[in-house]
Amino acid sequence: MLTLSQKRNLKKRASFQESVDNENTPQGLIQHCSPLHKHPCVTAKGKENEVQFVLAKRPRRRRESTGLSWDSLPDELLLGILACLPLQDLLATSRVCKRWHRLAFDESLWHSVDLAGKAQVDAALRQVLPAGAVGLRCPRACIGEPALANARRLRVQHMDLSSCIVSTPVLEDILSRCQQLRDLSVEGLVLSDSIMQSLSQNAELARLNLCGCSGVSPQSVRDMLQCCRRLEELNVSWCDFDSSHVKAVVENIPSSVTQLNISGYRQNFTMEDLKALVARCPDLTHLDLSDSVQVTADSFPVLRQLSSLKDLALSRCYQIQPAALTCLEKLPELKTLEVFGLVPGSYMPVLSEGLPQVQINTRCFSSVARPTPAGQRDRTMWGTPCRLVYRP
């Protein structure tokens, strides 16, 4: 049994505990126990002592810009920077983003491209030609299937495809898209009448190198020469031509031609062909008649009609006697004479004395209409260097 004093103490403790349970937590204790990033927000709505807690984060400070970014540069400035890059680096920048890809293939950067030394160029041509290249140099390369379906007309004006490995249909597809050609070399390739018809569409064609070509008819040669009236240099040496092809050339060659290589036709080039040629092209300065065994010393009076002739090649024209060559002194502008295989070494001093103003046997190969003269290892194309160069 509890005493009266013990009962009073229990009542006081129960009363004190009830008052503690009903008491709200002090605001000072809340602020002291809360983390630093938690701030209480007291609202006046609702009950008088009700408290609402809100978790808040501090806003991140923006980093101040320390300079210009690549994205802020205008297209003109970026093009100026890209114009200083070599070919491999320019292609690498095209993979950065869509904008750089667009700028990297701007036609102003692809004015002239040299792919010499790259074995397989079909993938490169798929990018270079539609990009608007004006000059293209890729001799002795393998052209597979460029697939130029999206490129209707090409801007190329100077193109060197000498000795390439390329099928005739692929070559037809490339040249059919070209209507602005001024210089073209397809030396050693198999052509077709369709290709000659495509060349006829290039009215501004000035230099054409067909050395060693085959697969064309005399009629297609005739039609092409009749359309290309601004030709200045023409090389049709050692083609798979018979006498009818040769006559198609000499009877339709434009009078604008000043440099001509029509060597290698042995019996198929006659004196009558020479007379027709001189009559149509009186302003010839370079003429190569090498390996034409029908040409004799009787041709010299005809050659004297070429008052501007500076370079003459009569190598292996075996019907010409070495002593008769001194008659060429009557050509006032003649500077070089190529007579390889015609003049023996013992007679060379006599010929040099008879033609003191003429240099004899200075070049083994003709440079007429060739992009790079034989024996020269520079990477120019008709005297003009390419801006973008592939370096293996």
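**Local features of the predicted model**

Trp-70 is situated in the loop that runs between β2 (52–55) and α3 (75–82). The structure described here is a predicted model. With a relative accessibility of 47%, Trp-70 counts as partly exposed, because that class covers values between 20% and 50%. Together with Leu-77 and Ile-81, Trp-70 makes a nonpolar surface patch of about 290 Å².

Aromatic pairing was examined next. A search of the whole structure yields one aromatic pair. This pair is formed by Phe-241 and Tyr-265, whose ring centres are 6.0 Å apart and whose planes are at 10 degrees, so the pair is stacked. The assignment rests on the angle, because planes under 30 degrees apart count as stacked. In general, a pair of aromatic rings is described by the distance of the centres and the angle of the planes. Phe-241 belongs to the loop between β8 (233–235) and α10 (243–252), and Tyr-265 to the loop between β9 (259–261) and α11 (271–280); the pair therefore ties together parts that are 24 residues apart in sequence. Both partners are assigned to the buried class: Phe-241 has a relative accessibility of 11%, and Tyr-265 has a relative accessible area of 3%.

Strand β8 is also the place of Glu-233. The relative accessible area of Glu-233 is 13%, and the residue is buried, because buried means under 20%. A polar atom of the Glu-233 side chain lies 2.9 Å from the backbone nitrogen of Ala-369. When neighbours within four places in sequence are left aside, Glu-233 is in contact with Ala-206, Arg-207 and Leu-208, with Gln-259, and with Val-368 and Ala-369. Ala-369 thus appears both in this list of contacts and as the residue whose backbone nitrogen lies 2.9 Å from the Glu-233 side chain.

A further charged residue, Arg-177, is found in the loop between α7 (168–176) and β6 (183–185). Arg-177 has a relative accessibility of 14% and counts as buried. The side chain of Arg-177 is joined to that of Asp-173 by a polar contact of 2.9 Å. Beyond the neighbours within four places in sequence, the residues in contact with Arg-177 are Leu-148, Ala-149, Ala-151, Arg-152, Arg-153 and Leu-154.

Methods
Residues numbered from 1 in each chain as written. Predicted model: local features only at pLDDT ≥ 70, side-chain atom pairs only at ≥ 80, totals over all residues. Heavy atoms only, no water. Phe/Tyr/Trp six-rings, centres within 6.5 Å; stacked < 30°, edge-to-face > 60°. Helix = DSSP H or I, 4+ residues; strand = E, 2+ residues; numbered from the N terminus. Buried < 20%, exposed > 50% of the residue type's maximum accessible area, 1.4 Å probe, protein only. Polar contact = N/O pair within 3.5 Å; in protein donor to acceptor, adjacent residues only side chain to side chain. Contact = heavy atoms within 4.5 Å. Patch = residues over 30% accessible without salt bridge, like charges linked within 9 Å, V, L, I, M, F, W, Y side chains within 5 Å. Areas by Shrake-Rupley, 256 points an atom, 1.4 Å probe, with all protein chains shown as cover. Salt bridge = Lys/Arg side-chain N within 4 Å of Asp/Glu carboxyl O.
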